[in-house]
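Work through the following exercises with the sequence and the model side by side, and try each task before reading its solution.

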Amino acid sequence: MKKTFVPLLAFLLTGLFCSAKPVFQKVSASDQNVRIFEKYELTLDMTARYTNPFDFDQVNLKGTFQSPSGKMFTVDGFYYADFTHSCNPSTFDEGIKDEGTHHWKIRFTPFEAGPWKVIISCVDADGTTTYPEELSFNCIPVAHAKGFIRKANNMYLKYDNGDFYFPVNMNAGWCDA
């Protein structure tokens, strides 16, 4: 019994101490200055243990944003794959081609002017890793920023600044000539 117990214990302890938490290889920001109500995007190259990158129970990337007034907002990251869309109107054939570039991304829209701070963390089966550097960017005010679209009452929509919003757009749900 002792001969099999010691190697088994050593194997289990090796697995316990050699497990690799998520590792951030590269983090890059879309810009250091972002206008209010526009997109701030982080692109991350990281290694983590998962079989399905879309399953939050296997791998969970988060960005925690601190506003200039000190409020905290947590945003989920997501797995991103570059692709091209093709459409042949004469045969109505369309397709999506994976371009092979896969990254992790975190997107956020700042709604308060001033300096923002960002902390990135990722959880997988082996543990939690926090990016060692606190990131930051500056949100620049814009005179005529309308803001987000919200419900005005039970029948209408409006922007944060109070302007009426009437959604009109084309329907492009499939390949068309």
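The exercises below concern a predicted model and move from its overall make-up to individual salt bridges.

**Exercise 1.** Determine which secondary-structure elements the protein contains and in what order they run.

*Solution.* Counting the elements gives one helix and 13 strands. Reading from the N terminus on, the helix comes at the start and the strands follow it. As a further step, consider the contacts between residues at least 6 apart in sequence, of which 56% join residues at least 24 apart.

**Exercise 2.** Find the salt-bridge partner of E41 and establish which parts of the chain the pair ties together.

*Solution.* The partner is K105, with the closest N and O atoms 3.3 Å apart. E41 lies in strand β3 (residues 40-47) and K105 in strand β7 (residues 93-108), so the pair ties together parts that are 64 residues apart in sequence. Next, compare the accessibilities with the cut-off for burial, which is under 20%: E41 has 12% and counts as buried, and K105, at 8%, also counts as buried. Finally, the two residues belong to a network of salt bridges that links K39, E41, K105 and R107.

**Exercise 3.** Is R49, which meets D126 in a salt bridge, buried or partly exposed?

*Solution.* The side chains of R49 and D126 approach to 2.8 Å, N to O. R49 sits in the loop between β3 and β4, whereas D126 sits in the loop between β8 and β9, 77 residues apart. With a relative accessible area of 47%, R49 is partly exposed.

Technical notes:
Residues numbered from 1 in each chain as written. Predicted model: local features only at pLDDT ≥ 70, side-chain atom pairs only at ≥ 80, totals over all residues. Heavy atoms only, no water. Helix = DSSP H or I, 4+ residues; strand = E, 2+ residues; numbered from the N terminus. Contact = heavy atoms within 4.5 Å. Salt bridge = Lys/Arg side-chain N within 4 Å of Asp/Glu carboxyl O. Buried < 20%, exposed > 50% of the residue type's maximum accessible area, 1.4 Å probe, protein only.
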